[in-house]
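Grab a coffee and work through these exercises with the model open beside you. Try each task before you read its solution.

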Amino acid sequence: MRKTITALACIAALGGGVLASSGPASANSCGYQAKTTMHFRSGPGTGYTSWGLLREGDRLGQPQEKRNGWWKTFTMDRTASGIKSGKTGWVKASYLRKSVCMQLD
């Protein structure tokens, strides 16, 4: 199965085949996803301003800083609730799960 996925990712990366429109897999697509609805905050705690809500499945980048169970991260895409791509903020780490990402061997 892994060889099939890797082969299809290679075809997509080269711009051929059916998968070309979805783009190649890359390390940039790795990161974290929200497991539930949560606040995207200006600092590491509930006392900080909320910049909006993250919804289940919203994608976040690798943490830039970790503090007392809170992670400083950034949005990888525009979120379901409208937070712009690339916005930096803090989230409770326990509400995140690692994204599934493919890497070419």
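**Exercise 1. Is Thr75 buried or exposed, and which residues does Thr75 touch?**

Step 1: Thr75 counts as buried because its relative accessibility is 1%; buried means under 20% relative accessible area, exposed over 50%, and partly exposed in between (1.4 Å probe, protein chains only).
Step 2: Place it on the chain. Thr75 sits in the loop between β6 and β7 (88-92); strands (E, at least two residues) and helices (H or I, at least four) are DSSP runs, numbered from the N terminus.
Step 3: Look around it. Not counting residues up to four places away in sequence, Thr75 touches Phe40, Leu54, Arg59, Leu60, Ile83, Lys84, Ser85, Gly86 and Lys87, where contact means heavy atoms within 4.5 Å.

A quick word on ground rules: this is a predicted model, so local features need pLDDT of at least 70 and side-chain atom pairs count only at pLDDT 80 or more, while totals for chains, interfaces and linings use all residues. Residues are numbered from 1 along each chain as its sequence is written, and side-chain values use heavy atoms, with hydrogens and water left out.

**Exercise 2. Find the residues of the largest nonpolar core.**

Step 1: Know what you're hunting for: a set of buried Ala, Val, Leu, Ile, Met, Phe, Trp, Tyr and Cys residues joined through side-chain atoms within 4.5 Å.
Step 2: The largest such core has 11 residues: Tyr32, Ala34, Met38, Phe40, Leu54, Leu60, Trp71, Ile83, Val91, Ala93 and Leu96. β1 (32-34) and β2 (38-41) each supply at least two of them.
Step 3: Zoom in on one member, Trp71. Leaving aside neighbours within four places in sequence, Trp71 is in contact with Tyr32, Pro63, Glu65, Lys66, Gly89, Trp90, Val91, Ala93 and Leu96.
Step 4: For background, nonpolar side chains tend to be buried together in soluble globular proteins.

**Exercise 3. What is the strand order of the open sheet of 3 strands?**

Step 1: The order is β4-β1-β8, with antiparallel pairing; two strands pair if DSSP finds at least two bridges between them.
Step 2: β4 (59-60) and β8 (96-98) stand at the edges with a single partner strand each, so one side of each lacks a neighbour in the sheet.
Step 3: Check a pairing. Antiparallel β1 and β8 are joined by 3 bridges, and Ala34 has Leu96 in β8 as its bridge partner.

**Exercise 4. Which side chain of opposite charge is nearest to Arg41?**

Step 1: Arg41 lies in strand β2.
Step 2: The nearest is Asp58, 14 Å away, and Arg41 is buried without a salt bridge. That term needs a side-chain nitrogen of Lys or Arg within 4 Å of a carboxyl oxygen of Asp or Glu; Lys and Arg count as positive, Asp and Glu as negative, and His and the chain ends are not counted.
Step 3: See what the side chain does reach: the backbone oxygen of Thr46, at 3.4 Å.

**Exercise 5. What is unusual about the phi of Asn68?**

Step 1: Phi of Asn68 is near 50°, a positive value in a residue other than glycine.
Step 2: In general, most residues other than glycine have a negative phi.
Step 3: Asn68 is in the loop between β5 (65-67) and β6 (70-74), and counts as exposed because its relative accessibility is 72%.

Methods: Polar contact = N/O pair within 3.5 Å; in protein donor to acceptor, adjacent residues only side chain to side chain.
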